[in-house]
Amino acid sequence: MSTVADVTAFDVSLPADHPGAHDPAYRARRDTIARVGAAYRRGDPIPDVEYTDEEHAVWARVQAELGALHRTHACRAYLRGSDALVLPTDRVPQLREVDERVHALTGFHIDPVPGLVDTRTFYGALAERRFLATQYIRHHSVPHYTPEPDIIHEIIGHANMLADPELADLYEAAGHASQRARTPEALEFFSRVFWFTLEFGVVTEDGWPRAFGAGILSSFGEIHTYADPLLVTHRPFDLAAMGSHDYDITQYQPVLFRADSTERLLADLHAFFADFDDETPERISR
Ligand SMILES: [Fe+2]
C-alpha cells in the first residue's frame with residue numbers, strides 16, 4: 001500500500017507517535033533508504049540497500065514467527081506463493097532479488113519507492129504488473145508493529161501473494177479496475193473493496209477461517225485476532241457492503257468480510273474488477 005510517511009527531498013518526516021520518531025539513528029536510516037528508492041528509475045537495476053545487523057535481526061524474528069503462523073492461518077493460495085518464493089529467513093532480502101524471483105514465477109515486478117505513493121499511482125502500477133514497494137523496515141523496539149507499510153508488509157504480505165499466478169492475475173485485474181474509476185467516490189469505493197479483500201480478506205477452508213489478505217498475513221497482531229469471534233465480526237462476503245464500510249488503518253480490524261472459499265472470492269472479485277467503473281458503486285448497492 002501507499003505509505004503515510006511524507007518524503008520531501010529525501011527527508012522522511014515521521015509523526016510524533018511513530019516508534020522511531022525520537023530515534024535519530026532510525027530517522028537517518030529512513031532518509032538513507034528513501035534516497036535509494038527515490039533514485040530508482042524503471043528499467044534500471046534495482047539498487048541494493050545495506051541493511052544493518054539490527055535490521056536483519058528484525059526481519060529474522062518476524063519472518064520466523066509469521067512463517068510458523070502462516071502454516072495454520074494462511075489460505076492455500078498464499079502458501080503456494082510463499083512456498084514458491086522462499087524468502088530468506090536470516091536477513092532482509094533485497095528488492096532486486098525478490099523482483100527477479102517473482103518476475104520469473106508470475107511476470108510481476110517489484111519496484112522500489114521512497115515512501116509516499118498516491119493512490120492512483122500505486123493501483124495503476126498493478127495494471128502493468130508492477131508492485132510499488134517500500135524498502136525500510138519497522139523500528140527494532142516494536143518488531144511486531146508498524147504504523148505504515150514497511151518491507152515486511154510489502155514482501156511477506158504482498159510479494160508472497162504475487163508469487164502465485166492466480167493471485168498475481170487478481171492484482172493486475174485490480175489495477176485495471178482502478179484506472180476506470182474516474183471520480184474520487186468511485187476510487188474510494190474501489191479502495192475499500194481492495195482493503196477488505198487483498199489486504200484483509202478472510203476465506204473459509206476446510207470449515208475454518210483462513211487469512212487471505214496481505215494486511216493480516218504480515219501482521220503479528222492481526223493474525224492473532226482475525227479469527228477471534230470476541231474481537232472480530234465476520235460478515236458475509238458482500239462487495240457493496242465492503243465498498244461502503246469505513247475502516248481505521250491504525251486499529252485492529254473489528255469487522256472483516258469472509259468468503260465461502262478462495263475460489264468464490266477470486267470469481268466474485270474478478271467479475272467486480274472486470275466491469276468496474278464510476279457507475280458500479282451505485283449499481284451494486286441498489
Ligand atoms: Fe498493503
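Which protein donors does the iron ion have? I looked this up first, bearing in mind that the model is predicted.

**Entry: iron site.** I found H153 (NE2), H158 (NE2) and E199 (OE) as the protein donors, lying 2.0 to 2.2 Å from the iron ion. Along the chain I read their spacing as H-x4-H-x40-E. I then noted that H153 in helix α6 and E199 in helix α8 are 46 residues apart, a pair that links distant parts of the chain.

**Entry: burial of donors.** Are H153 and E199 buried or exposed? The cut-off for buried is under 20% relative accessible area. H153 has 9% relative accessibility, so I count H153 as buried. E199 has a relative accessible area of 1%, so I enter E199 as buried too.

**Entry: α3 against α6.** I checked how helix α6 (residues 151-162) packs with helix α3 (residues 76-85), and noted an angle of about 95 degrees with the axes 7 Å apart. Angles of 65 to 115 degrees count as roughly perpendicular, which makes α3 roughly perpendicular to α6. From α3 I listed Y78, G81, S82 and L85, which meet I156, G157, A159, N160 and M161 of α6. By class, I have five nonpolar, four polar and no charged residues in this contact.

**Entry: nonpolar core.** I looked up the largest nonpolar core, which has 89 residues; Y171, F212 and F273 touch the most other members. Helix α8 (residues 184-199) supplies the largest share of this core, nine residues. For F273 I left aside neighbours within four places in sequence and recorded contacts with L170, A173, A174, A177, R180, F190 and L198.

Methods:
Residues numbered from 1 in each chain as written. Predicted model: local features only at pLDDT ≥ 70, side-chain atom pairs only at ≥ 80, totals over all residues. Heavy atoms only, no water. Axes fitted to C-alpha atoms, helices over the stretch in contact; angles between N-to-C directions. Helix = DSSP H or I, 4+ residues; strand = E, 2+ residues; numbered from the N terminus. Parallel < 35°, antiparallel > 145°, perpendicular 65-115°, else oblique. Contact = heavy atoms within 4.5 Å. Nonpolar A, V, L, I, M, F, W, Y, C, P; charged D, E, K, R; others polar. Core = buried A, V, L, I, M, F, W, Y, C linked by side-chain atoms within 4.5 Å. Buried < 20%, exposed > 50% of the residue type's maximum accessible area, 1.4 Å probe, protein only. Donors = N, O, S within 2.8 Å, 3.2 Å for Na, K, Ca; no water.
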